[in-house]
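User: I am in my first year and would like a close look at a single part of this structure, the sheet in the second chain. Could you walk me through how its strands are ordered and paired, and what packs on them?

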Number of protein chains: 2
Amino acid sequence: MTGFTSFMEAALDQARAAAAAGEVPVGAVIVREGRIIAAARNRMRELTDPTAHAEMLAIRAACQNLGSERLTGCDLWVTLEPCPACAGAIAAARIARLYYAAADPKSGGVAQGPRVFDHPQAHHSPEIYGGLGEAEAAALLKDFFAARR
Amino acid sequence: MTGFTSFMEAALDQARAAAAAGEVPVGAVIVREGRIIAAARNRMRELTDPTAHAEMLAIRAACQNLGSERLTGCDLWVTLEPCPACAGAIAAARIARLYYAAADPKSGGVAQGPRVFDHPQAHHSPEIYGGLGEAEAAALLKDFFAARR
């Protein structure tokens with residue numbers, strides 16, 4: 001497994017753990033110098049917190065780990081295109097590169113709708129790479145919602 | 001003092017407390033049925049957390065208070081136009097009305113740039129009222145940054 005594949009695999013593992021806990025299956029990891037420094041999954045239901053998205057929790061954990069408000073040089077790997085709230089957090093944290101698996105036409109804020117990074121108000125825009133691990137990430141979400149119907 | 005004025009005054013009190021603590025002076029309160037159920041100020045430096053904006057912390061506290069991921073029927077009063085991250089959080093929390101004091105051409109995500117609520121990806125858009133308490137909120141920010149130069 002290449003480093004790149006294993007980082008998205010780690011994010012997918014987090015997404016699977018979210019599904020097992022009854023949360024919408026999205027997972028994220030933050031990587032610095034080739035090493036995962038934070039991993040998180042959706043916990044909105046568990047924490048009764050609409051902002052407890054995988055990316056938001058991973059960013060917070062990484063900042064605690066580094067003792068820094070900024071994650072300069074760090075990469076975020078996430079199984080779903082970030083929503084506007086998480087895209088704003090990614091900009092605020094100065095994440096260097098964003099890798100996401102599945103696109104999110106319904107709620108995404110990066111490649112659709114508000115396109116948070118495409119405005120000067122973002123102050124910082126990461127390099128963005130989409131699609132790696134997309135099929136698996138999308139299948140997790142589809143199965144999760146199908147089982148709930 | 002009318003109810004409306006006192007809610008923004010309470011948000012301005014939070015902003016003043018932020019300045020006194022060395023944080024960018026922004027404050028917020030959440031109101032439900034005429035009563036403040038959560039109040040917060042910026043704590044990014046204190047918490048080493050780039051997402052610890054006043055609105056984000058107020059939303060989280062209100063959700064804890066109500067035991068609900070959704071703040072249906074609640075209003076958010078904040079001294080500065082929310083950034084894209086906070087606008088996304090406001091949509092996710094289903095805040096009914098958003099009252100903000102000063103506009104934020106540099107970092108705002110409501111009336112400029114990404115205009116988070118103006119896209120179907122937001123799923124929910126609050127009623128929005130800007131400008132009440134604007135002069136005082138803007139002066140707090142101006143004085144804070146002037147003292148740091």
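Analyst: Before turning to the helices that lie on the sheet, it helps to fix one term: two parts are said to be in contact when heavy atoms of one come within 4.5 Å of heavy atoms of the other. With that in hand, and keeping in mind that this is a predicted model, we can begin with the sheet itself.

In chain B, five strands make up an open sheet whose order is S2-S1-S3-S4-S5, and the pairing is mixed. Strand S2 (35-41) and strand S5 (127-130) of chain B are the edge strands, each of them pairing on one side only. Direction ignored, neighbouring strands of this sheet are turned by 15° against each other on average. As a general point, the strands of a sheet pair through backbone hydrogen bonds, and they may do so either parallel or antiparallel.

Let us now follow the pairing from S3 towards the edge at S5. Strand S3 (residues 75-80) and strand S4 (residues 97-102) of chain B run parallel and are joined by five bridges. Along this pair, Asp75(B) stands opposite Arg97(B), while Val78(B) has Tyr100(B) in S4(B) as its bridge partner. To get from S3(B) to S4(B), the chain passes through helix H4 (residues 84-93) of chain B, and this β-α-β crossover is right-handed. On to the edge strand, S4(B) and S5(B) also run parallel, joined by four bridges, and here Tyr100(B) stands opposite Gly130(B) in S5(B). Tyr100(B) thus has a partner in S3(B), namely Val78(B), as well as one in S5(B), namely Gly130(B).

How much of S4(B) is covered? Five of its six residues are buried, so that the strand is mostly covered. Among the helices that lie on the sheet is helix H5 (residues 134-148) of chain B, which lies across S3 and S4 of chain B and runs at about 60° to S4(B). Helix H3 (residues 54-66) of chain B, in turn, lies across strand S1 (27-32), S2 and S3 of chain B, running at about 140° to S2(B).

Finally, the side chains can be placed in a wider setting. The largest nonpolar core has 100 residues, and Ile30(B) and Leu71(B) are among those with the most contacts inside it, along with Ile30(A) and Leu71(A). Leaving aside neighbours within four places in sequence, Leu71(B) is in contact with Ile30(B), and its other contacts include Ile59(B), Ala62(B), Cys63(B) and Leu66(B), as well as Ile95(B) and Ala96(B).

Conventions: Residues numbered from 1 in each chain as written. Chains lettered and ligands numbered in written order. Predicted model: local features only at pLDDT ≥ 70, side-chain atom pairs only at ≥ 80, totals over all residues. Heavy atoms only, no water. Pairing = 2+ DSSP bridges. Helix = DSSP H or I, 4+ residues; strand = E, 2+ residues; numbered from the N terminus. Axes fitted to C-alpha atoms, helices over the stretch in contact; angles between N-to-C directions. Core = buried A, V, L, I, M, F, W, Y, C linked by side-chain atoms within 4.5 Å. Buried < 20%, exposed > 50% of the residue type's maximum accessible area, 1.4 Å probe, protein only. Right-handed = clockwise from strand over helix to strand, strands pointing away.
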